[in-house]
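The report below follows the arrangement of chains, domains and nucleic acid strands in one model, moving from the overall layout to single residues.

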There are 2 protein chains.
Amino acid sequence: METSKKACNCIDCGFRAAVFENLIDSEIDIICLSKKEVGFNKGDVIVSKGQEVDEFLYLKSGLVKLFEPDAKGKEHIIRIAKPLDFVSLLSVFSETHYNFSITALNETVVCYIDLNSIKELIKSNGKFGLKLMEKMSNNFDKIIKANININSKQLRGRIAYILIFFADEIYNSSIFELPISRKEIAQLINMTTENVIRIFSEFRKDEIIKINGKVIEIINKEMLEKISKHG
Amino acid sequence: METSKKACNCIDCGFRAAVFENLIDSEIDIICLSKKEVGFNKGDVIVSKGQEVDEFLYLKSGLVKLFEPDAKGKEHIIRIAKPLDFVSLLSVFSETHYNFSITALNETVVCYIDLNSIKELIKSNGKFGLKLMEKMSNNFDKIIKANININSKQLRGRIAYILIFFADEIYNSSIFELPISRKEIAQLINMTTENVIRIFSEFRKDEIIKINGKVIEIINKEMLEKISKHG
DNA sequence: CGCGGCTTTGATGTTCATCAAGTAAAGTGG
DNA sequence: CCACTTTACTTGATGAACATCAAAGCCGCG
């Protein structure tokens, strides 16, 4: 984990286009003064459940997982987040402490902004606040939809769904390297590790996918989509 | 469904304390001008999926369900909402059309506020926006937590969980009349109607609850909590 | 009064978690 | 760098949990 405080480069940050578009340069400067970019490696903990929320953070590059243990200590992955997903948005405005954890799945860069600066901006620039709300709403909609999707399918459908998710939403490619383990896939779509592996193998035998360790290639997308839809 | 446009009574509306506290009287007046209260009866459709979002709405009294069909047309209940839950907050700021439906479970009163008035208020009064964000965050946190809870339990645990939910969160009483059918409970906690009924019967035989149609009395709360926790 | 939806119980079979056991891969300390 | 430990992956066998199917009673409503 490396920290860097550069001269202000927020003005042309990709995020400005997405959310900070309504901030004028002088407001961007306020953010710049307090912002901090931190790099993480695969497996590094970015946020630990229970930790105090005193900064607003978002993913600049890389991939992370949000997760939470259930009453029995088993972890559930709430969501895989990629850049432009405001990862700390879930509880940043409602709680004083995080109620989930975040770890890096990749080399990632996270941008930290002082929470009070953001709150001041919301108070002084309503358009900015509105944009932030849209982003929040959007994020939650996606999580809820994904949940309904997964809960309405049986195991083969869930695996098909998650493979399509990685191919279409994360990598834009029919061949990709899974950023998570079989166990984590199980935690993400609510099944056991053994069955994740079993169904991977079935799909391989049925020539729907090719498997090479963590590298997956989808060779029959239509079939996968049919399985995902049919459940 | 009856509509009424009264003289402004927003100033002492219960909601003001919860969310509109940061609005000064003149701002409340803006809301009052556009607001409309509408009564619904059990079963009435309040919002239909696909409908345009042009008003901000919240529950003044009563009980509603938010639901959405999955790919196969089976309905999933996202949440049961009670007063002070901002029911339209889910997609009101991210989408131009609702992506779920809402129906009344009770006699309910819904307050409609012109969406643009709200948006203007957010822009002009940042504190108000911030408060609204907190509310949104909070709502989603609850939905996500409930989901993890339900997904980590087996059927008896889910039934226990939902009975405790109604007793503690909705009615504050160990005896209450279920506002939804067995089928809807199934849609809420992801199981079949038959199994909802079967487990109700088991709990009755085990003298954990008494059942009289839709009226449920919890007679062994500790046991119920143990079942809910243990899964 | 009869029809459709809700409720209930039982029987049956499928889906899935669990257990077990072994291989491969990856990290750890001497 | 190699032995050692741990963690990830894989497959099979078994039984439990659950959905599905079936049939009948109940209730509200036109």
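In this predicted model, chain A is divided into domain 1, covering residues 2–149, and domain 2, covering residues 153–230. Taken over C-alpha atoms, the centres of these two domains of chain A are separated by 28 Å. The contact between them involves 10 residues of domain 1 of chain A and eight residues of domain 2 of chain A. On the domain 1 side of this contact in chain A, strand S5 (64–69) and strand S6 (75–81) each supply at least two residues, and the largest share, three residues, comes from S6(A). By class, that side of domain 1 of chain A is made up of four nonpolar, three polar and three charged residues.

**The two protein chains**

Chain B is superposed on chain A, with an RMSD of 0.1 Å, by a rotation of 180° with 0.0 Å of shift along its axis. The two copies are therefore related as by a two-fold rotation axis. Within chain B, the C-alpha nearest the axis belongs to B:Gly126, at 2.8 Å from it. The same surface serves both copies, since 100% of the contact residues of chain B recur in chain A.

Between the chains, 36 residues of chain B are in contact with 37 residues of chain A. The elements that give two or more residues to the chain B side are strand S6 (75–81), helix H3 (115–124) and helix H4 (126–151) of chain B. Of these contributions to the side of chain B that touches chain A, the largest share, 16 residues, comes from H4(B). The class composition of this side of chain B is 12 nonpolar, 14 polar and 10 charged residues.

**The surfaces near the DNA strands**

Both protein chains supply residues to the surface near each DNA strand. For DNA strand C, the elements that each supply at least two residues are H7 of chain A together with helix H6 (182–189) and H7 of chain B. For DNA strand D, they are helix H6 (182–189) and helix H7 (193–205) of chain A together with helix H7 (193–205) of chain B. The table sets out the two surfaces.

| DNA strand | Residues around it | Nearest residues | Element giving the most | Classes |
|---|---|---|---|---|
| DNA strand C | 16 residues | A:Gln154, A:Leu155, B:Ser181, B:Arg182, B:Ser201 | H7(B), six residues | five nonpolar, six polar, five charged residues |
| DNA strand D | 17 residues | A:Ser181, A:Arg182, A:Ser201, B:Gln154, B:Leu155 | H7(A), six residues | five nonpolar, six polar, six charged residues |

**Nonpolar cores**

The largest nonpolar core has 78 residues, and those with the most contacts inside it are A:Val64, A:Val87, B:Val64, B:Leu66 and B:Val87. Leaving aside residues up to four places away in sequence, B:Val87 touches B:Leu57, B:Tyr58, B:Leu59, B:Val64, B:Leu66, B:Ala81 and B:Ile102. Another core lies apart from the largest one and has 21 residues, among them B:Ile189, B:Val196, B:Phe203 and B:Ile216.

**Two positions in chain B**

Two single residues of chain B can be described in the same terms, beginning with B:Leu115, which is placed in helix H3 of chain B. Because B:Leu115 has 18 C-beta neighbours inside 10 Å, this residue counts as partly exposed; at least 20 would be needed for a residue to count as buried. Not counting residues up to four places away in sequence, B:Leu115 touches B:Val53, B:Asp54, B:Glu55 and B:Phe56. One of these contacts, B:Val53, is 62 residues from B:Leu115 along the chain, while the C-alpha atoms of the two are separated by 8.1 Å.

B:Gly50, by contrast, is in the loop between strand S3 (45–47) and strand S4 (55–61) of chain B. With 10 C-beta neighbours inside 10 Å, B:Gly50 counts as exposed, the limit for that class being 12 or fewer. Once residues up to four places away in sequence are set aside, B:Gly50 touches B:His97 and B:Tyr98. B:Gly50 and B:Thr96 are 46 residues apart in sequence, and their C-alpha atoms are 9.0 Å apart in space.

Technical notes
Residues numbered from 1 in each chain as written. Chains lettered and ligands numbered in written order. Predicted model: local features only at pLDDT ≥ 70, side-chain atom pairs only at ≥ 80, totals over all residues. Helix = DSSP H or I, 4+ residues; strand = E, 2+ residues; numbered from the N terminus. Contact = placed C-beta atoms within 7 Å. Domains from an automatic or database assignment. Nonpolar A, V, L, I, M, F, W, Y, C, P; charged D, E, K, R; others polar. Least-squares fit on C-alpha atoms with pLDDT ≥ 70 in both. Near = placed C-beta within 6 Å. Core = buried A, V, L, I, M, F, W, Y, C linked by C-beta atoms within 7 Å.
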